[in-house]
Amino acid sequence: MQAHAAVRVTSAVTSGFRTADLRDAGRGATLRSLPAARIITPMSTLVSGQLDELQPGVRRLVANNPSYMTGPGTNTYLLGQESHFVVDPGPSDARHLERILEATRGRIAAVLVTHTHPDHPPPPHALPQRCGAEVLGRSPPADGHQDASFLPARQLEDGEVLRIDDLHVRALH
């Protein structure tokens, strides 16, 4: 079983559609926009609490959990403008949770978890309890390297498409 997944985001723009892949390989995430050039921020320029708009409706918030595996911190993605999906909400850190809630104005439709390393699943019910969001993802594989306590409210199927504002998010396994 894979320890990671990808989330594909498609947003409507005047010239057609723009597609972006969010891929997290454990050392930071990369946003790729097609057909536009790659948008990559070197990890050395990322700091805890930094919030960057990568493209309209796609923002990255860096958590305060620097390590060998997370680089400067877990990358949490905020998708949407009026309502939001929170992708990989990060560690159990009160300040990071407050930053997520502030940046989204508490308007969170769902929390999407791409994989179950201990730095990714939401703190036990903290974010969903605060905003009423559903937690979506996959149950962890039994490989000893995942947070075995993580149980999503609903499992995302491969190829399933979720919509938020004018963004389409496709689950890839």
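Read along the sequence, the chain follows the pattern β-β-β-β-β-β-β-α-β-α-β-β-β-β, which comes to two helices and 12 strands. This is a predicted model, so please read the values below as computed from it. Of the 173 residues in the protein chain, 49% are buried. A good place to begin is the seven-stranded open sheet, with mixed pairing and the order S4-S5-S6-S7-S8-S9-S10.

**The chain as a whole**

- Among the contacts with a separation of 6 or more, 47% link residues that are 24 or more positions apart.
- The protein chain has an accessible surface of about 8,600 Å², and carbon and sulfur atoms hold 53% of that surface.

**Walking across the sheet**

- At the two edges of the sheet sit strand S4 (51-55) and S10, each of which pairs on one side only.
- S6 and S7 are antiparallel partners, joined over three bridges. Within this pair, leucine 79 stands opposite phenylalanine 85 in S7.
- The hairpin of S6 and S7 has four residues between the strands, and glycine 80 in this hairpin takes a positive phi near 110 degrees.
- S7 and S8 run in the parallel sense and share four bridges. Two facing pairs help to locate this register: histidine 84 is opposite isoleucine 108 in S8, and phenylalanine 85 has alanine 110 as its bridge partner in S8.
- On the other side of S8 comes strand S9 (residues 134-137), a parallel pairing over three bridges. Here leucine 112 faces leucine 136 in S9.
- S9 in turn runs parallel to strand S10 (residues 154-155), with two bridges between them. Glycine 137 stands opposite glutamine 155 in S10.

**Helix H1 and the crossover**

- Between S7 and S8 the chain passes through H1, and this β-α-β crossover is right-handed.
- Helix H1 (residues 94-104) packs on the sheet, where it touches S4, strand S5 (58-62), S6, S7 and S8. The direction of H1 makes about 160 degrees with that of S5.

**Two faces of S7, and the cores**

- Which residues of S7 point one way, and which the other? His84 and Val86 point one way, Phe85 and Val87 point the other way, and all of these are buried.
- The largest nonpolar core has 15 residues. Those that touch the most other members are Leu79, Phe85, Leu112, Leu136, Leu156, Leu162 and Val169.
- Two or more residues of this core come from each of strand S6 (75-79), strand S7 (84-87), strand S8 (108-112), strand S11 (161-164) and strand S12 (167-172). S12 gives the largest share, three residues.
- Another core, of 14 residues, lies apart from the largest one. Leu61, Leu78, Ile100 and Ala103 are among its members.
- As background, nonpolar side chains in soluble globular proteins tend to be buried together.
- Some residues of the largest core also appear in the strand pairings above: Leu79 and Phe85 belong to this core, and they stand opposite each other across S6 and S7. Leu112 and Leu136 are likewise members, and they face each other across S8 and S9.

**Valine 161 and strand S11**

- Valine 161 has its place in strand S11. Leaving aside residues up to four places away in sequence, valine 161 touches His168, Val169 and Arg170.
- Is valine 161 buried or partly exposed? Its relative accessible area is 27%, so valine 161 counts as partly exposed.
- From valine 161 to leucine 172 the C-alpha to C-alpha distance is 9.6 Å, with 11 residues of sequence separation.

**Two aspartates with positive phi**

- Aspartate 88 has a positive phi of about 55 degrees although it is not a glycine. Aspartate 88 lies in the loop between S7 and H1, and its 2% relative accessibility means that this residue counts as buried.
- Aspartate 165 also is a residue other than glycine with a positive phi, near 50 degrees. The loop between S11 and S12 holds aspartate 165.
- Where does aspartate 165 fall on the scale of relative accessibility? At 38%, aspartate 165 counts as partly exposed.

Methods
Residues are numbered from 1 along each chain as its sequence is written. This is a predicted model: local features need pLDDT of at least 70, side-chain atom pairs count only at pLDDT 80 or more; totals for chains, interfaces and linings use all residues. Side-chain values use heavy atoms; hydrogens and water are left out. A nonpolar core is a set of buried Ala, Val, Leu, Ile, Met, Phe, Trp, Tyr and Cys residues joined through side-chain atoms within 4.5 Å. Buried means under 20% relative accessible area, exposed over 50%, partly exposed in between (1.4 Å probe, protein chains only). Contact means heavy atoms within 4.5 Å. Accessible areas come from the Shrake-Rupley method with a 1.4 Å probe; for residues, only the protein chains shown count as cover. Two strands pair if DSSP finds at least two bridges between them. Axes are lines fitted to C-alpha atoms, for helices over the stretch in contact, and angles run from 0 to 180 degrees between N-to-C directions. A crossover is right-handed if, with the strands pointing away from the viewer, the path from the first strand over the helix to the second runs clockwise.
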